[in-house]
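Here's a walk through a structure, from its core out to a few local details. Have the 3D view open and follow along.

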Amino acid sequence: MSANSAPLVEIHDLTIAYSTPRGELRAVEDVNLSVFKGEILGLVGESGCGKSTLASALLRMIPVPGKIVNGSVRFGEIDVISLRQDDLRHFRWEKVSMIFQSAMNALDPVRTVCSQITETIHEHNSMGGESLDRVKQLLESVGLSPMHMYSYPHQLSGGMRQRVAIALALCLNPQLLIADEPTTALDVVVQAGILTTLKDLQERLGLTVVLITHDLSLAAAICDRIAVMYAGKIVELGETEKITVRPEHPYTEALINSVPELGDTKQKIQGIAGSPPSLISPPTGCRFHPRCKYVFERCMQHEPSLVRANRTDVACWLRG
Amino acid sequence: MNSKTTVLQVNDLTVQFDQEGRLVKAVDHVDLELVHGEILALVGESGSGKTTLGRAIVGLARPNSGSVIIDGVKVDYRRAGDLRLLWRKVQMIFQDPYSAFDPLRTIVESVLLPLHKFGIFQNDTLAREHVERVLNSVGLNYNELESKYPHELSGGQRQRAAIARALVVSPRVLIADEPVSMLDVSLRAGILDILKDLNEKNGVTVVFVTHDLAVAQYISDRIAVMYKGKIVELGSSTEVVREPFHPYTRLLLKSVPRLKAKQEWRFRTDSGTRAVDLTTFTGCNFYPRCPIGVDDCTRGEPRLQEVKPGHWAACYTPLLAFAES
């Protein structure tokens with residue numbers, strides 16, 4: 001599906017750095033990535049790999065003291081990096097919106113669901129006349145009964161709050177929704193409900209979603225494509241089935257082998273030795289080489305770039 | 001030692017909390033028996049009572065009724081002497097390895113502390129040698145850690161150290177409360193394998209509390225599924241996953257994202273399928289959400305019954321539940 005449609009977002013050579021007392025930390029380095037209209041793209045990696053920083057660049061919301069050092073982010077015709085402050089205010093939420101791990105923190109505890117959503121609509125569009133109907137329709141679209149319109153966040157369960165956060169994120173009809181670990185704080189049954197809702201929004205409204213998660217199986221559940229990140233770089237990118245069935249990059253392979261699969265009784269899981277490198281002074285060559293079991297000389301000296309291999313795009317010297 | 005000796009027995013245990021004036025049974029008349037050397041996983045969602053049950057066994061939550069018997073001896077949680085004996089035999093590791101250590105003590109000091117408290121080694125050299133061995137068994141090196149403080153260790157190393165500290169007194173039972181859920185996935189396998197390994201070599205019995213069914217299946221011999229304070233299904237890990245008899249277990253299993261299986265993300269997961277007045281309802285706890293639900297379910301709570309040898313479910317229609325899959 002995605003391959004034929006136009007890219008909605010184009011990230012080119014993007015480098016984002018945080019200045020720290022110990023030096024410059026490049027959380028994202030030389031990343032190239034396109035997000036296509038109507039797809040769900042998974043950004044997968046362990047903590048500190050740069051996935052959240054990369055996503056925050058789509059909204060130009062990089063946490064201080066982070067700075068875009070190099071590269072560009074384009075959203076259709078819009079150059080996100082050079083947007084004026086006024087235009088940025090409209091760009092956020094009208095074009096791209098975001099939901100977070102903790103829905104409670106995204107909602108105002110002393111206001112009803114309805115008042116939060118209508119406020120957002122009015123802030124951006126003073127003509128929002130029939131907003132009550134709009135609130136009902138939004139809640140229904142995320143699988144919530146409109147009877148929760150006048151509830152306060154604390155009266156709702158964790159799953160319902162996350163649904164309200166999604167409704168709020170969709171109230172100005174954005175084309176892209178960024179979901180940063182949206183189910184991490186939720187129970188597995190509730191998580192399944194949220195995943196179903198995201199999939200449903202994609203299918204019914206043609207919504208484009210970037211799903212950030214540390215859990216590859218979760219990404220595999222609903223994503224069309226998956227980008228695996230390690231130490232600030234995308235190391236593998238491809239269609240979900242190709243990534244999960246026979247990955248090309250040793251890190252992706254190791255990630256898959258490190259989690260138990262339900263129903264598989266013979267599996268022997270294996271962790272990845274060592275720990276992720278410091279991004280202030282990353283290793284030379286391939287950043288994964290100190291932990292890679294296939295490492296050879298070239299990996300230590302030269303850094304591989306993301307190129308098309310047999311099945312996926314991969315940054316590894318084993319694949320040429 | 002006979003490998004079928006019962007090490008830990010929980011009888012009719014109830015733990016109640018006062019929640020804004022309303023009494024909530026976090027653990028509701030639970031019976032459980034663990035034999036020497038087994039790993040039992042307690043699985044459930046948040047609020048199911050799995051953590052409270054684990055904490056109650058080590059005396060961190062006060063049981064309201066029922067009893068816990070370790071190695072044939074009943075624990076009286078009101079007596080300091082009993083608690084001391086209990087902690088010699090039952091140790092716990094926690095979800096958060098960051099807050100489990102005193103930040104002002106070195107890791108080695110923290111691991112040595114239980115030995116001093118229990119007066120296990122009179123001789124410092126012997127104690128040191130013992131700590132070296134225990135640290136080694138969890139993949140840590142004494143010399144490297146000698147002067148290290150908790151903040152200088154990575155999350156994975158800290159959880160290893162927490163396991164070492166629990167094992168240093170050679171307990172009979174280890175209660176592990178979500179020990180890998182705060183760690184990155186690449187580090188989880190290491191911790192799980194250490195627990196498996198220690199269980200095989202030392203025969204330490206493990207109660208593994210987790211919300212993750214795949215992890216539960218990987219590590220445990222048996223799985224107990226909890227729902228609203230009760231055990232609703234209990235059986236060998238393989239069978240509970242392959243042939244679940246309780247509709248709640250089925251719902252849980254269906255909700256877990258699987259990497260290698262095609263899944264349909266199109267099911268109703270919302271609670272409250274049936275409207276029930278919970279203040280007066282005395283039927284099955286799961287009835288309001290249950291996709292099956294027959295008249296019997298409203299009449300009284302189902303008790304755990306043995307559906308197949310060694311495989312128990314608290315459901316009036318266990319075979320229906322299985323057929324529905």
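Which residues have the most contacts inside the largest nonpolar core? Keep in mind that this is a predicted model. The core in question has 201 residues, and those with the most contacts inside it are A167(A), I178(A), V210(A), A164(B), F208(B) and V225(B). In chain B, domain 1 (6-233) and domain 2 (243-324) both give residues to this core, so it lies between them.

Let's zoom in on V225(B). Setting aside residues up to four places away in sequence, V225(B) touches V43(B), G44(B), I231(B), V232(B), E233(B), V240(B), H246(B), Y248(B) and T249(B).

Another of those core residues, A164(B), is one of the buried residues of α6(B). This helix covers residues 155-167 of chain B, and its 13 residues reach 19 Å from the first C-alpha to the last, close to the 18 Å expected at 1.5 Å a residue. How many of the residues in α6(B) are buried? The count is 12 of 13, so to speak a mostly covered helix. What covers those buried residues includes β6 (90-93), α3 (107-117), α4 (124-137), β7 (173-177) and α7 of chain B.

That last helix, α7(B), also turns up where the chains meet. There, 33 residues of chain B are in contact with 35 residues of chain A. On the chain B side, the elements giving two or more residues are α7 (185-202), α8 (213-219), α9 (237-242) and α10 (247-255). The largest share comes from α7(B), with six residues. By class, this side of chain B has 16 nonpolar, 10 polar and seven charged residues.

Now for a sheet. In chain B, four strands form an open sheet in the order β2-β1-β4-β5, with antiparallel pairing. Which strands stand at the edges? They are β2 (22-35) and β5 (73-74) of chain B, each with a single partner strand, so one side of each is left without a neighbour in the sheet. Strand β4 (residues 65-70) of chain B is joined to β5(B) by two bridges, and I69(B) has K74(B) as its bridge partner in β5(B).

Last stop: L145(B), which sits in helix α5 (residues 142-145) of chain B. Is L145(B) buried or exposed? With 20 or more other C-beta atoms within 10 Å counting as buried, L145(B) is buried because it has 21. Leaving out neighbours within four places in sequence, L145(B) is in contact with I107(B), V108(B), L135(B) and L140(B). As for T106(B), it is 39 residues from L145(B) in sequence and 8.0 Å away in space, C-alpha to C-alpha.

Technical notes: Residues are numbered from 1 along each chain as its sequence is written. Chains are lettered from A and ligands numbered from 1 in the order in which they are written. This is a predicted model: local features need pLDDT of at least 70, side-chain atom pairs count only at pLDDT 80 or more; totals for chains, interfaces and linings use all residues. Two residues are in contact if their C-beta atoms, placed from the backbone, lie within 7 Å. Ala, Val, Leu, Ile, Met, Phe, Trp, Tyr, Cys and Pro count as nonpolar, Asp, Glu, Lys and Arg as charged, and the others, Gly among them, as polar. A nonpolar core is a set of buried Ala, Val, Leu, Ile, Met, Phe, Trp, Tyr and Cys residues joined through C-beta atoms within 7 Å. Domain bounds come from an automatic or database domain assignment. The expected span of a helix is 1.5 Å times one less than its number of residues. Two strands pair if DSSP finds at least two bridges between them.
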